[in-house]
Amino acid sequence: MSQKWATHRIERGAKDNNHLLYKPYSNAIIAKEPTSLEEEIKEIRRSGSNRDLDHASEFEMSDIFYFCRQGVESIMDDEVTKRFSAEELESWNLLTRSNYNFQHISLRLTVLWGLGVVIRYGFLLPLRVTLAFTGVGLLVVLTSIIGFLPNGRMKNFLSEQVHLMCYRICVRALTAIITYHDSENKPKNGGICVANHTSPIDVIILASDGCYAMVGQIHGGLMGVIQKSMVKACPHIWFERSEVKDRHLVAKRLSDHVEDKTKLPILIFPEGTCINNTSVMMFKKGSFEIGSTVYPVAIKYDPRFGDAFWNSSQFGMVNYLLRMMSSWAIVCSVWYLPPMTREEGEDAVQFANRVKAAIARQGGLVDLLWDGGLKRGKVKDTFKEEQQKLYSKMLVGTQEDRSRS
């Protein structure tokens, strides 16, 4: 129920700051007028009592129905937690993972499913794994070699060509069928590319059509080896674990990068977590405080051939990649939107919401106000406490008004 209260709080804040709100499951912009707690409780009292509201007691049993209704609505119309699980398909795509209640339908369908298993695991999966190791191996070896070259145009040119070649091999390993739209709006040097985030493969989907400077935390193991080799050939921005929470340090390094117009555009996913490609959740404001030109990109996957969403709480990276490589294909569309800059009098939060809304409209996604951090955390108690304070204030205000009269 605290989700419902928090939604009202966010909506009121957006209304006070003249932010546009976008109604879920609609592609049109609809300004919502949220009803206050006091108005709804008064309406319940009117429908449940024949007494004059001015002479009603401070507390009525009927007030409980308001909170019960809010709780039921939060459960029935949950817009948040369902964004962290795989999207439901209207029809079965012959993948057992998308049919949890699998039942024998017909002999013909069972035979087709069996043939699909043989083709996907016996032929496609070995080929895709080979391509993946080839692409990653070439990326590590060739970027390490390019790292020994002196800085200059030749090094930058070779680095871009190697990155493009290796990412395109990795895309083939997923049998990715990608349609790019409006390529004239592709991000340019000195800018920041922001996109909705569904999967780790979002990176290679975009990087196979253009080169970017990556931003992220330094890892160990194989990922660490790849990061160290990549940064030798291209100025990617990697942070130590202790540096990630230092907002000023992060902002400074990003600002220094975009000020150099010879460096590649930065690729950032402001949601900070993977969403199931049915919606776009709150963008973190950090990347919108820099003051650089922002190039929005909308990514929309077609789950009928393979679900690209990574549920990190359920599957590890290796398990996830094997599921991707054993799918039929990864089909997606990418839209490059016109570049956007902060308008006069617009703060970073307003700018982030405007960019998010543009991405949601273009990709046919639901624009949500919620923070993707709820994927691993709970709604803050302050939302519930604020609702309690509102109700208490309403009762005390009623008592004070009566004492004055």
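## The buried side of α4

In this predicted model, helix α4 buries a set of residues spread along its length: G116, R120, L124, L125, R128, A132, G135, L139, V140, T143, S144 and I146. What do these buried residues pack against? Their partners are three other helices, namely α5 (153-173), α7 (221-233) and α9 (317-325).

As for the helix itself, α4 covers residues 107-146, which makes 40 residues. From first C-alpha to last, α4 reaches 56 Å, close to the 58 Å expected at 1.5 Å a residue. There is still a kink to look at: about 40°, sitting at L124, shortly before the proline P126. L124 is also on the list of buried residues.

## H163 in α5

Now hop over to α5, the helix that holds H163. Is H163 buried or exposed? Its relative accessibility is just 4%, so H163 counts as buried, the cut-off being under 20%.

Leaving aside residues up to four places away in sequence, H163 touches L139, T143, C211, M230, A233, C234 and H236. Two of those names, L139 and T143, turn up among the buried residues of α4, while M230 and A233 fall within the range of α7 (221-233).

## Strands around β3

Strand β3 (residues 213-217) has parallel partners in β4 and β5. Three bridges tie β3 to β4 (residues 237-239), with Q217 partnered by F239. Between those two strands the chain goes through α7, and this β-α-β crossover from β3 to β4 is right-handed.

With β5 (residues 266-268), β3 shares two bridges, again running parallel. Here M214 has L267 as its bridge partner.

Key. Residues numbered from 1 in each chain as written. Predicted model: local features only at pLDDT ≥ 70, side-chain atom pairs only at ≥ 80, totals over all residues. Heavy atoms only, no water. Helix = DSSP H or I, 4+ residues; strand = E, 2+ residues; numbered from the N terminus. Expected span 1.5 Å × (residues − 1). Bend = angle between axes of the 7 residues up to and from the residue. Buried < 20%, exposed > 50% of the residue type's maximum accessible area, 1.4 Å probe, protein only. Contact = heavy atoms within 4.5 Å. Pairing = 2+ DSSP bridges. Right-handed = clockwise from strand over helix to strand, strands pointing away.
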